[in-house]
Amino acid sequence: MNDRQWIIGCDRDVDVLVHESVVSRRHCRLSLHGSLYFIEDLASRNGTFVGDKRVVTRTAIEPGTKVMLADSVLMPWADESLAKEKFEIGRADSNDIVIDDASVSSHHAILFRDPNDVWIVRDLNSTNGTSLGDSEPITSAARVTNEDVIRFGSVAETLSSLRRNVNPNTSTRQPTSSSASEPNSRRPTKDTDAKGIPTIPARGIGDTTAVRKTNWMDNAIGMWKSLPTGVSYSLAAAVVLIALFGVWGMMTKGDSTTPREALADADPNATSEDPTTALTATNIDADATAGTTPPPVTKDPAGNLPPAATVNSQSDVAASPAKETSFESAIRSCLYQVIATSEGNRFALGMALAIDSDRLLTTGNVVENMQRLEATIRPACRHLSTDEVIALQESAMHPKWTEIRRTEQQCIDWLKYYQSHVAELAEDEGIETEEMIQQRDEVYRSAMVARMLARAYDVGVIKTSEPLPQHLAALESKATGNKSTGAVSALEWIAAPAKPPRPMAVHRLIGEFVQSEDPFLPPDSESSITKKQVQPLFLLPRLSTDMPPIYVGKMRGAADSGMDFSGGVILDGRGRLAGLFSTPAELDQQQKERVASLVADRDLIFDWILMDVLSELMARPSLPWVANQTETTGTP
């Protein structure tokens, strides 16, 4: 009987390493008994899921079944007999991918693709080991992605470079049915050795150049033949057009003045940019491109500019980051501060983002604070770009947030009642007292679960009484040329890809933030948007399959700042919307130990609301709106 098992987790001593923060050290076990596969969760923090069901006991599954780790990471199938593709890597010529380096073993590792298109690399007890990035060598196998750097000895490669440079003479052979005449079918040429295998130049130890491209002409011809007829004709036409433009450029190279230079000579203040393009690379805030500005162009003693090639190369360097941060410019122009006004005084409640002409997206705690205002205090929002103040009409929190908070409050009220009558209950003896204690513990657990779920739905919407001067829907229509189809469309246009951010990836929190104990805004104060660096740490465990993901993030050195970051907008490295700042996080002891090595004492830990729940809220056709109080006496 062919019995095998594979332990999968983030510990380097497991059979298959999955380097993700949501994966436990020993997350699950995949086993093969005869012809049957079984999956078993090993008491992981975030669980193992088959479909929508969490694996509780040892469960039989079909080969290649999609199994999710923590409901967000696809489990790699480590059984190589199910692989769609399989490549041997090493220094020997018989490998599918040959790496001619002294630090690489003759047969170093195996790279294969499982039934769900997950790539796995397995070390073959090589001398110098196989590792991911700068970490220690893996002991057995590891899941790899397109972003990973795989090191074989001292040679660094990527998944894409390895796949591009597969030796066609070995990757197409059939190991179980190769004929004796196959070696004779390879004819030596000037680029091959006596065995007909392409010769590859040797590299010194430590050279981390990408894998060599073998038989590139044959590969190019084969790729061209594999293209559809229409695609190949289109490519040929494109090549011809490029050649014609190149010839035209050479013929007109002698012209003394380019159109752009002629325009500059006619009007020193003129520009060739289209003023109607509101979201192009030129419409960027100055601090959005900080660190990417090219060095100043100096002139020679005669006052002439340097050669055009030098100037163009520098402008190209600056243009790329600018295009990536144009979304940040759009988001900045749609930032509003929720304020409370009373007798000419203004107090900050939190930040909000304008989605369409009359709706602002923010966090639930900002909406809750606004709804608790006395009737004599009027809520409003202040546009940070123009300092214009717009009155607010009504607000709504996520329906599930309201329901969960109601359940939590019921549990708290019951526990208060129990505490006040604990002396009377202690006088009773027998089974009734034990049942009451059990009920108390159950109610306490229910309150803790409700509090955790409420953290995942801490979002809200505020409706204004007048149209907003700037919002994402208008900018989307202006940038794309199409009429926005609603709030969800505007969010999807500006949002980062719909997947959890990578742990420890650098993000930015933007907004105008004030002291939480003194949110007073002086009358003559000017609005200013500040940026804070934030990083995601780990996903909170999901208590149910319908619970949206919520990240715990950190802000370096902000624990003692006393600032209120509620509703702050989080941007990824390309300036796209990646979530909202909710509230400072409450971590249990296990979670504190988990991030102890990543968090300093002065770092602020907070709940990070992801795009999933923001889009889901804006897609709801109806919300429990609560109108603002208009009476002059009393409190709501």
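Over which residues does pLDDT stay under 50, with 81 contacts beyond four places in sequence? In this predicted model, that stretch is residues 172-215. A further stretch under 50 covers residues 631-636, where the model has twelve contacts beyond four places in sequence. Where pLDDT is low, the predicted coordinates should not be read in detail. The protein chain as a whole averages a pLDDT of 76. At least 70 is reached by 74% of the residues.

Six strands close into a barrel. Their order is 24-27-28-32-31-30, and the pairing is antiparallel. On average, neighbouring strands of this sheet are turned by 45 degrees against each other, direction ignored. Within the barrel, strand 31 (residues 577-584) runs antiparallel to strand 32 (residues 604-609). Three bridges join the two. Pro584 stands opposite Phe606 in strand 32. Helix 15 (residues 611-618) packs on the sheet and touches both strand 31 and strand 32. The direction of helix 15 makes about 100 degrees with that of strand 31.

A hairpin is formed by strand 16 and strand 17, with two residues between them. Strand 16 spans residues 149-152 and strand 17 residues 155-158. Four bridges pair them in the antiparallel sense. Val149 stands opposite Thr158 in strand 17. In the turn, Gly153 has a positive phi of about 65 degrees.

The count of salt bridges comes to 24. One of them joins Arg332 to Glu328, with the closest N and O atoms 3.2 Å apart. These two residues are separated by about one helical turn, because they lie four residues apart in helix 7 (residues 326-333). Both Arg332 and Glu328 are buried.

Other salt bridges link distant parts of the chain. Arg405 and Glu368 meet at 3.8 Å, N to O. Arg405 lies in helix 9 (residues 399-420) and Glu368 in helix 8 (residues 364-371), 37 residues apart. Arg405 has 29% relative accessibility, so it counts as partly exposed. Glu368 has a relative accessible area of 15% and is therefore buried.

Helix 9 also contributes Glu408, which is 43 residues from Arg451 in helix 11 (residues 431-456). The side chains of Glu408 and Arg451 meet in a salt bridge of 2.9 Å, N to O. Glu408 counts as buried at 7% relative accessibility. Arg451 is partly exposed, with a relative accessible area of 33%. Salt bridges that share partners join Glu368, Arg372, Arg405, Glu408 and Arg451 into one network.

How values were computed. Residues numbered from 1 in each chain as written. Predicted model: local features only at pLDDT ≥ 70, side-chain atom pairs only at ≥ 80, totals over all residues. Heavy atoms only, no water. Pairing = 2+ DSSP bridges. Axes fitted to C-alpha atoms, helices over the stretch in contact; angles between N-to-C directions. Contact = heavy atoms within 4.5 Å. pLDDT = per-residue confidence, 0-100. Salt bridge = Lys/Arg side-chain N within 4 Å of Asp/Glu carboxyl O. Buried < 20%, exposed > 50% of the residue type's maximum accessible area, 1.4 Å probe, protein only.
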